[in-house]
Amino acid sequence: MQGAQRAAIFNQFVSKGFGEARNVEEFTRWAQLINYNGYRGMFESTSRARAGLLLWMSHPCWPSMVWQTYDYYFDPTAAYFGCKKACEPLHIQYNALTDSIEVVNHSAGTHPALIAIVTVFDLNGRKVSQQKVRVSSTEDSTLPIAQASQPLAPVSFLRLELVEKGKLISENLYIPGSEEGNYQALATLPQPEVEQRVNLTQTGETQQADVMFRNKGRSPAIFLRLNLKGADGEQILPVIYSDNYITLMPGESKTIHVSWKAQDARGQQPCFEITNLMAK
């Protein structure tokens, strides 16, 4: 398949999901969700046959929109975090082929006392249903634990959590709907109200920050992206994020750990920008 054909197919996915983008910036944000879902799905599918998966191109040799887990400038894309999510040693996931929830144990040993929590939220972030299942997981196994009900609404949120002795081991979120790949109902949500707190530290030449952000609004804050910049407005790269592109229901919070080399900051004071999938 030639590059132009690949680009045309990718554009079709974005258009179906969100409609026609008004500008390049909007298209780029929407494309991140498509890439996240695609790369996560590829690696989650390996839980069936255990055949492994090798990415032909982890990054491009020129600026590109697709086929990269970090870009030409060393910025980790949403695809990177989709891969990271799917490759957890002990992982909970949704299998769209069987419409079931699975616990996948790649290399985590035996865990006899896990609790899987399956929660469905509606478009406005209200909890529709929740079920909890006790799970015993052994290494190198894929265990179906529950069926996922098909959503009737245009868009909903499916959150999966795996807990052991009160500690969150794995968390995963999907955005299913009555038509697969159609997220256009998300555009009806108001802009999220997100509060952030930053704790900066430095160890030798490595600068670090714990960035806590909380959804203060009454609607979901969808696919939040944390982006490290200098006071001059330019990105600081390369940078390592513990997680990114996350979704918070009303009142929820999450902390992301960030680290980078002091020399890459160009003498600039670090600033943290938070954007969301449907920013206007």
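This short presentation covers the empty spaces, one helix pair and a few local backbone features of the structure shown above.

Good morning, colleagues. Please bear in mind throughout that the model is predicted.

I shall begin with the second largest pocket. Its volume is about 640 Å³, and 27 residues form the lining. Which of these residues lie nearest the centre of the pocket? They are T28, Q32, D71, D75 and R225. In terms of secondary structure, at least two lining residues come from each of α2, spanning 24–49, β10, spanning 221–230, and β14, spanning 270–275. Helix α2 provides the largest share of this lining, with six residues. As to chemical class, the lining of the second largest pocket comprises 11 nonpolar residues, 10 polar residues and six charged residues.

Helix α2 leads me to my next topic, its packing against helix α3, residues 78–86. How do the two helices run with respect to each other: roughly parallel or roughly antiparallel? Their axes approach within 7 Å, with a crossing angle of roughly 30°. Because angles under 35 degrees count as roughly parallel, α2 is described as roughly parallel to α3. The crossing of α2 past α3 is right-handed. On the α2 side, the contact is made by Q32, N35, Y36, Y39, R40, F43 and E44; on the α3 side, by A78, A79, F81, G82, C83, K85 and A86. By class, this contact contains eight nonpolar, three polar and three charged residues. I would draw attention to Q32, which takes part in the contact with α3 and is also among the residues nearest the centre of the second largest pocket.

I turn now to enclosed space. Rolling a probe the size of a water molecule over the atoms reveals where empty space remains. How many cavities of 30 Å³ or more does the structure hold? There is one. The largest cavity has a volume of about 60 Å³. Its lining consists of L186, L189, P190, Q191, P192, P220, A221, I222, N276, M278 and K280. Of these lining residues, eight are nonpolar, two are polar and one is charged.

Let me continue with A185, which is located in the loop between β7, residues 167–174, and β8, residues 194–203. What does A185 touch, leaving aside residues up to four places away in sequence? The answer is L123, P154 and V155. In addition, A185 and S156 are separated by 29 residues in sequence, and their C-alpha atoms are 9.5 Å apart in space.

Finally, two points on backbone geometry. The peptide bond from L237 to P238 is cis, with omega near -5°. P238 belongs to the loop between β10 and β11, the latter being residues 240–241. The second point concerns D140, a residue other than glycine whose phi is positive, near 60°. D140 lies in the loop that runs between β4, residues 127–137, and β5, residues 141–147.

Thank you for your attention.

Key: Residues numbered from 1 in each chain as written. Predicted model: local features only at pLDDT ≥ 70, side-chain atom pairs only at ≥ 80, totals over all residues. Heavy atoms only, no water. 1 Å grid on protein atoms, 1.4 Å probe; cavity = no way out; pocket = protein on both sides within 12 Å on 5 of 7 lines; lining within 4 Å. Points joined across faces, edges and corners; volume = space filled by probe spheres on them. Helix = DSSP H or I, 4+ residues; strand = E, 2+ residues; numbered from the N terminus. Nonpolar A, V, L, I, M, F, W, Y, C, P; charged D, E, K, R; others polar. Axes fitted to C-alpha atoms, helices over the stretch in contact; angles between N-to-C directions. Parallel < 35°, antiparallel > 145°, perpendicular 65-115°, else oblique. Left-handed = near helix turned anticlockwise from the far one by under 90°. Contact = heavy atoms within 4.5 Å.
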